[in-house]
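I sat down with this one to work through it entry by entry. These are my notes, in the order I looked things up.

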Amino acid sequence: MHNTIGVIGLGVMGSNIALNMASKGEQVAVYNYTRDLTDKLVEKIEGQSLHPYYEIQEFVQSLEVPRKIFLMVTAGKPIDSVISALVPHLEARDIIMDGGNSHYEDTERRYEELKSQGIGYLGIGISGGEVGALNGPSIMPGGDQDVYNKVAPILTKIAAQVDNDPCCAYMGPKGSGHFVKMVHNGIEYADMQLIAEAYTFLRKRLDLSVDEIADIFETWNQGELKSYLIEITAEILRKKDEITGLPLIDVILDKTGQKGTGKWTSMQAIDNGIPSSIITESLFARYISSLKEERVHAESILTGPEMDQPTLDKDLWMEYIRQALYMGKICAYAQGFTQYKMTSELYGWDLPLKDIALIFRGGCIIRAEFLNVISETYQSQPNLANLLVAPYFAEKIKAYQIGLRKVLCEGINSGISSPCLSSSLTYYDNYRTGMSNANLLQAQRDYFGAHTYERSDLAGIFHTNWQ
Ligand code: 6PG
């Protein structure tokens with residue numbers, strides 16, 4: 001019994017997490033259900049801090065009590081299978097952590113089942129891809145606070161560090177850690193799509209080359225848009241294809257895949273009356289992208305606007321696009337954080353919005369300069385209804401909405417689709433409208449279905465005999 005932690009599942013993410021733990025001084029037991037990945041990992045490393053096991057019982061017996069076991073296994077049934085194989089060898093107070101992209105409801109089920117056997121269970125959102133797993137991801141643990149406290153020293157050590165603070169914080173009970181990761185991915189989908197739409201406008205409407213656009217993204221990455229996704233976009237656009245010599249981006253098939261977390265974010269929002277429309281629009285953009293053959297066929301039949309396109313002043317429009325992207329990003333993050341807030345209230349989780357923004361500053365895919373401002377905002381206004389009304393963002397939007405409006409009008413007139421940018425403006429204009437048209441909808445519902453309505457001037461429930 002000499003190992004301080006065990007890792008099960010030695011794909012790239014699991015191997016890198018294990019290497020990360022070993023590099024921070026942990027004695028790490030590693031196990032994979034097929035031997036090859038274990039051998040591959042152990043071959044790679046020097047030193048004594050990673051210890052391979054080929055039988056689950058021996059793996060478990062090698063761990064200090066209470067045992068701490070980190071699962072980096074494909075989400076879904078494989079997690080249940082590993083838990084079933086592990087449990088007969090465990091004792092009360094041992095701890096299992098699931099570091100995969102599990103659905104938070106699955107995590108809640110597993111949490112309850114294991115709790116009834118005295119075993120601690122933490123659902124741990126991890127973001128940062130392969131490199132993050134190795135060098136320091138953003139870590140979002142959820143479960144019982146006392147169970148988290150036992151593993152906090154290890155988790156905070158392996159997390160990314162920003163300004164000497166670990167990008168790891170306790171998120172709340174049960175499935176809240178995986179929930180936070182799920183919505184992180186929804187925001188990630190929206191952010192990626194917004195960037196793609198800015199790129200499209202620069203390419204199609206300003207007629208800039210891929211290299212020129214890479215320059216623009218590099219410049220943007222030195223200002224308030226500074227973020228991992230902007231940075232990698234510049235690098236992606238620089239990359240040349242080894243076969244054709246063309247920019248690699250031009251030979252990549254325009255069909256986006258997805259593993260489900262963005263879809264879960266939208267489904268949870270829809271189920272609970274949360275208006276995460278930008279995230280959902282980014283999901284639908286992926287779905288439409290997958291209809292490649294149909295789109296190619298449609299292009300030969302369907303026309304766009306026929307009008308002379310004026311030459312645009314490039315510097316002015318580059319600034320409009322930057323403003324549009326920044327405002328779109330504010331709206332998307334506002335929706336994501338609203339989803340945290342509303343769900344937290346619904347489930348009684350008390351999600352720490354300030355800490356979520358703090359741990360997203362490093363390690364994760366959506367790390368961005370402006371998360372500092374989001375965190376400061378929630379620190380001073382923990383009960384803020386929506387980031388849009390925070391003074392910093394309200395001022396930014398006041399200055400930048402011109403850019404977003406210009407880009408969208410120009411895009412509409414030239415037939416360039418910008419689903420997430422336009423969804424951002426729609427959300428913004430809806431949210432800032434004190435008197436909406438929902439009164440008409442209520443009247444229609446009451447007219448054809450006697451669904452009743454409330455009045456703005458009198459209390460009570462009303463029905464009118466419309467005919
Ligand atoms: C992260 C990423 C990671 C993964 C996504 C990709 O935070 O490290 O979000 O979890 O890259 O699952 O999601 P899609 O395949 O759905 O785009």
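The entries below go from the whole chain down to single residues.

**Entry 1: what I am looking at**

First a reminder to myself: this is a predicted model. I counted secondary structure and got 19 helices and nine strands in the chain. Along the principal axes, the C-alpha atoms fill a box of roughly 75 × 70 × 45 Å. I then checked the radius of gyration: for 467 residues a compact globule would come out near 23 Å, and the chain has 25 Å, which agrees. Buried residues make up 46% of the 467. I also looked at how far apart in sequence the contacting residues are. Among contacts with a separation of 6 or more, 68% are between residues 24 or more positions apart.

**Entry 2: the two domains**

I split the chain as assigned, into domain 1 (5–174) and domain 2 (181–431). Their C-alpha centres are 32 Å apart. How many residues of each domain are in contact with the other? I get 23 from domain 1 and 19 from domain 2. On the domain 1 side, β6 (120–127), α6 (129–135), β7 (138–142) and β8 (161–162) each supply at least two of the touching residues. By class, that side of domain 1 has eleven nonpolar, eleven polar and one charged residues.

**Entry 3: the ligand**

Next I went to the ligand and asked which residues are closest to it. The shell holds 13 residues, and the closest are S127, N185, Q258, K259 and I365. Two helices, α8 (176–205) and α11 (261–271), each give at least two residues to the shell. I sorted the shell by class and found nine polar, two charged and two nonpolar residues. Where does the ligand shell lie relative to the domains? Both domain 1 and domain 2 give residues to the shell, so it lies between them.

**Entry 4: the largest nonpolar core**

I pulled up the largest nonpolar core, which has 128 residues. The members that touch the most others are A18, L71, I96 and I321. Helix α14 (residues 314–347) contributes the largest share, 15 residues. This core also takes residues from both domain 1 and domain 2, so it lies between them.

I picked I96 for a closer look. Setting aside neighbours within four places in sequence, I96 is in contact with I69, L71, I83, L86, L114, I119 and Y121. One of those, L71, is itself among the core members that touch the most others.

**Entry 5: a glycine in α14**

I stayed with helix α14, where G336 is found. Buried or exposed, I wondered about G336? G336 has 29 C-beta neighbours inside 10 Å, so it counts as buried; the cut-off for that is 20 or more. Leaving out residues up to four places away in sequence, G336 touches V183, G186, I187 and I279. I also took a distance from G336 to P275: they are 61 residues apart in sequence, and 9.5 Å apart in space from C-alpha to C-alpha.

**Entry 6: backbone oddities**

I scanned the backbone next. The V65 to P66 peptide bond is cis, with omega near -5°. P66 has its place in the loop between α3 (56–61) and β4 (68–71).

Then positive phi values outside glycine. N164 has a phi of about 65° and is found in the loop between β8 and β9 (165–166). With 5 C-beta neighbours inside 10 Å, N164 counts as exposed. D207 also has a positive phi, near 60°. I placed D207 in the loop between α8 and α9 (210–220). D207 has 12 C-beta neighbours inside 10 Å and so counts as exposed, since the cut-off is 12 or fewer.

**Entry 7: towards the end of the chain**

Last stop was L441, in helix α19 (residues 438–449). Why does L441 count as exposed? Because L441 has 12 C-beta neighbours inside 10 Å, and 12 or fewer is the limit for exposed. I also paired L441 with Y453: they are twelve residues apart in sequence and 9.8 Å apart in space, C-alpha to C-alpha.

Technical notes
Residues are numbered from 1 along each chain as its sequence is written. This is a predicted model: local features need pLDDT of at least 70, side-chain atom pairs count only at pLDDT 80 or more; totals for chains, interfaces and linings use all residues. A residue is near a molecule or strand if its C-beta atom, placed from the backbone, lies within 6 Å of it. Helices (H or I, at least four residues) and strands (E, at least two) are DSSP runs, numbered from the N terminus. Ala, Val, Leu, Ile, Met, Phe, Trp, Tyr, Cys and Pro count as nonpolar, Asp, Glu, Lys and Arg as charged, and the others, Gly among them, as polar. Domain bounds come from an automatic or database domain assignment. A nonpolar core is a set of buried Ala, Val, Leu, Ile, Met, Phe, Trp, Tyr and Cys residues joined through C-beta atoms within 7 Å. Two residues are in contact if their C-beta atoms, placed from the backbone, lie within 7 Å. The radius of gyration is taken over C-alpha atoms; the globule rule is 2.2 Å times the number of residues to the power 0.38.
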